[in-house]
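Biologist: I would like to learn how to read a ligand site. Can you take me through one?

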Amino acid sequence: MPAISATAPGKLILFGEHAVVHNRPAIAIPFNGVHAKAAVFATPIAPTGRVRIEAQAIGLDQTLDQLAPDHPFAIAIHGVMKTLGITWLPACHIRITSTIPIAAGMGSSAAVSIALSRALAAFLGHPLEDSAVNTIAFQVEQQLHGTPSGVDNTVISFNRPVYFVRSQPIEFLKIREPLDLLVADSGIAAATGPMVAGVSQRFNADPDTYGAYFDQIANLVRQARMDLESGAGNDLGPLMTQNHRLLQKIAVSTPELDRLVETALAAGALGAKLTGGGGGGNIIALAANHQIEKVVTALLAAGARRTWLLNLPRHEEAVS
Ligand code: MEV
């Protein structure tokens, strides 16, 4: 029997991570170089209602009944059932796979919830709207990360660049000129929840200083939005580097991430910063086309585990 499947991309925060948790804006883009996939197979000869969930990468192969109610997969599945107003599921086998590095600031958890919710709803004959998927994925993010802003689930659910302020209507960015970005993986895993909690603790201990850092980040985000929407994309480089300096000040960078950022800049990148929760994970760099190869070579020599190239398309292509 053929499977019904759905995929969801990773994401990258271009500007504003952490400050966005504290009600400042952020800019995030989908990253289609990696993705999560969920496939749902009907298993008509299995006992009625038996839902098997398999995610090899995390060594999971259990039935829905065996999962704790606060397990991310259980929250997503029950979220779909509640949204559709159903109380039982036909017997099925859900297989989850992903090429998104885990705990690397690329939105792996949100992408898995979104692929799972979409695939299950389609299997049940009722594909969900992006906004419904977004609501379910936010519930999972809250369980996993404590006090997430919601930017990850939003950018991945809608698969479009967003200018995001928590609890405000979503604004999609109209990117005027395509941009070439580079992503480099430090190879160090760091869960987002503790990084967010650490920043919040330091903010509570010194609200004036941290509030001022968040305001400075917010100004960079607003400037970056204007540059992206007016076709001055290459002016983003210095803004990215300034954002990284502020992320260093709020203590979410690491020596490895700093080394990758400085390497990219020394090799000719227009700007670079960590992306996501920090503590490990990835950096992004903006480079002119003729510099990309040099920057990639330098990043790999400086210890990056792998790199990706990403062309951020202009608005018309982005929404096609
Ligand atoms: C994680 O991708 C982005 C953070 O700002 C956390 C959040 O917004 O929930 C670090």
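Modeller: We will go through the ligand and its surroundings.
This is a predicted model: local features need pLDDT of at least 70, side-chain atom pairs need 80 or more, and totals for linings use all residues. Residues are numbered from 1 along each chain, and side-chain values use heavy atoms, without hydrogens or water.

Biologist: Which residues are closest to the ligand?

Modeller: A residue is near a molecule if one of its heavy atoms lies within 4 Å of it. Here 13 residues surround the ligand. The closest are Lys11, His18, Pro148, Ser149 and Asp152.

Biologist: What polar contacts are there to Lys11 and Ser149?

Modeller: A polar contact is a pair of N or O atoms within 3.5 Å. A polar side-chain atom of Lys11 is 2.8 Å from a ligand oxygen. For a polar side-chain atom of Ser149, the distance to a ligand oxygen is 2.6 Å.

Biologist: Where does the ligand lie relative to domain 1 and domain 2?

Modeller: Domain bounds come from an automatic or database assignment. Domain 1 (4-164) and domain 2 (175-312) both give residues to the shell, so the ligand lies between them.

Technical notes: Polar contact = N/O pair within 3.5 Å; in protein donor to acceptor, adjacent residues only side chain to side chain.
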